[in-house]
Amino acid sequence: MNRNIIVLDTTLRDGEQVPGAKLNMPQKIEMAQQLKRLGVDIIEAGFPASSQGDFEAVQAIARSVGDSVSITALGRAVKSDIDAVYESIKLAQDPLIHIVLGTSNIHVEKKFSRSKEAVLQMGVDAVRYAKTLLPAVQYSTEDASRSEFEYLWATIEAVVKAGATMINVPDTVGFAVPEEFGDLIRRINERLKNLDDRVVLSVHCHNDLGLATANTLSAIRGGADKVEVTINGLGERAGNTSLEEVVMGLKVRESFYRAQTNINTKELIRSSRLLTHLTGLDVQVNKAITGENAFAHSSGIHQDGLLKDKNVYEIMSPEDVGADSMELVLTARSGRHAFKHAVEKMGFDTSDGAEFEALFAQFLELADTKKEVYDHDVYYLASSRSGAS
Ligand code: KIV
Ligand code: ZN
């Protein structure tokens with residue numbers, strides 16, 4: 001039987017930290033409504049202690065969509081941050097406090113200038129305090145992938161004993177590689193299941209080496225129950241793990257991962273396009289799942305194969321992610337089969353073989369002069385020839 005993987009979307013928190021991605025309140029609410037439609041389990045709505053505006057936005061999201069999707073917000077391991085988180089999310093049906101504190105030597109020494117024991121105690125105190133406010137508390141061991149394992153584990157053990165219900169293991173600077181990160185999660189999972197098997201094990205990856213999706217999928221193989229992701233992989237520097245890639249990875253390779261999510265994949269493109277529209281940040285054309293070219297086929301051999309059977313060159317159908325059906329890009333490398341498809345799609349008759357050959361020759365001549373032949377070019381060619389209907 002498949003495991004269910006919890007999806008926490010942090011587009012409105014980690015994603016929105018990107019320069020130029022700042023959204024205003026109505027835009028944040030619109031995005032949160034789309035995330036709910038998409039079927040994410042938890043929306044991380046912001047970092048309420050960072051500004052009054054962020055606090056109000058988290059509160060508005062908790063009010064407007066928090067009836068049927070869990071809402072969380074981030075705070076550091078200090079009372080004032082945790083209070084801000086609680087006050088901003090408390091009206092949601094299923095609120096979750098999220099606390100972050102570093103566990104790597106570099107964080108302990110350079111950020112906090114305290115002993116490891118003192119930092120660990122800060123985390124425990126923060127969780128204990130959060131538990132007086134709400135039952136659901138997530139603890140993030142920031143920079144976990146660069147932490148000494150035994151200290152990382154000692155922190156996890158202590159905060160679980162203090163009441164944390166979710167442990168999130170971040171690859172904060174995108175340093176991990178898939179085999180290693182999967183092993184790390186496996187090791188933590190084995191100990192965590194012995195300690196308290198009700199605790200949810202979560203991962204949060206960044207894409208500095210382009211490995212965020214691979215690391216997240218590897219962590220799922222290692223036993224992670226929850227993933228933290230953003231639409232379009234939006235996030236600081238090279239971004240966060242992309243929601244659409246992990247979700248479709250699990251769906252397309254379901255028999256390998258034996259895991260699934262509650263995401264309505266037909267809403268993926270709409271979510272991606274909405275975020276692009278709201279932030280003005282484009283997605284690269286060849287981005288997996290949501291890029292303009294993700295389902296576009298331009299080589300003649302591929303187009304011919306697709307027209308015979310879509311499965312020849314497609315591992316998922318565009319309709320599954322809410323995109324238009326198969327898009328054949330016409331270029332100088334396209335073959336007769338794809339061109340015929342385009343001509344017929346526009347209502348022209350291609351039954352006269354000689355006439356079609358002449359039209360195809362004209363198409364090749366034109367295609368040699370441009371990067372792409374568009375629908376309106378095909379229309380012009382076909383309609384200007386005698387015999388075209
Ligand atoms: O990257 C990170 O470590 C984070 C934590 C707050 C989860 O964003
Ligand atoms: Zn992050």
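Here are three short exercises with worked solutions on the structure above.

This is a predicted model, in which local features need pLDDT of at least 70, side-chain atom pairs count only at pLDDT 80 or more, and totals for chains, interfaces and linings use all residues. Residues are numbered from 1 along each chain as its sequence is written, while chains are lettered from A and ligands numbered from 1 in the order in which they are written.

**Exercise 1.** Trace the closed barrel and its strand order.

*Solution.* Start with the strands (DSSP runs of E, at least two residues, numbered from the N terminus). Eight of them close a barrel in the order S2-S3-S4-S5-S6-S7-S8-S9, with parallel pairing; a pair needs at least two DSSP bridges. Now zoom in: S7 (residues 166-171) and S8 (residues 200-205) are joined in the parallel sense by six bridges. Within this pairing, isoleucine 167 faces leucine 201 of S8.

**Exercise 2.** Find what helix H8 touches and its angle to S8.

*Solution.* Helices are DSSP runs of H or I, at least four residues. H8 (residues 212-221) packs on the sheet and touches S7, S8 and S9 (226-229); contact puts C-beta atoms, placed from the backbone, within 7 Å. Its direction makes about 165° with that of S8, on axes fitted to C-alpha atoms (for helices over the stretch in contact), with angles from 0 to 180 degrees between N-to-C directions.

**Exercise 3.** List the residues surrounding ligand 1, then identify strands that supply them.

*Solution.* Take residues whose C-beta atom, placed from the backbone, lies within 6 Å of the ligand. These are Asp14, Leu74, Val100, Ser140, Glu142, Asn168, Pro170, Thr172, His204 and His206. Strands S6 (137-142) and S7 each supply at least two of the shell residues.

Terms used. Two residues are in contact if their C-beta atoms, placed from the backbone, lie within 7 Å.
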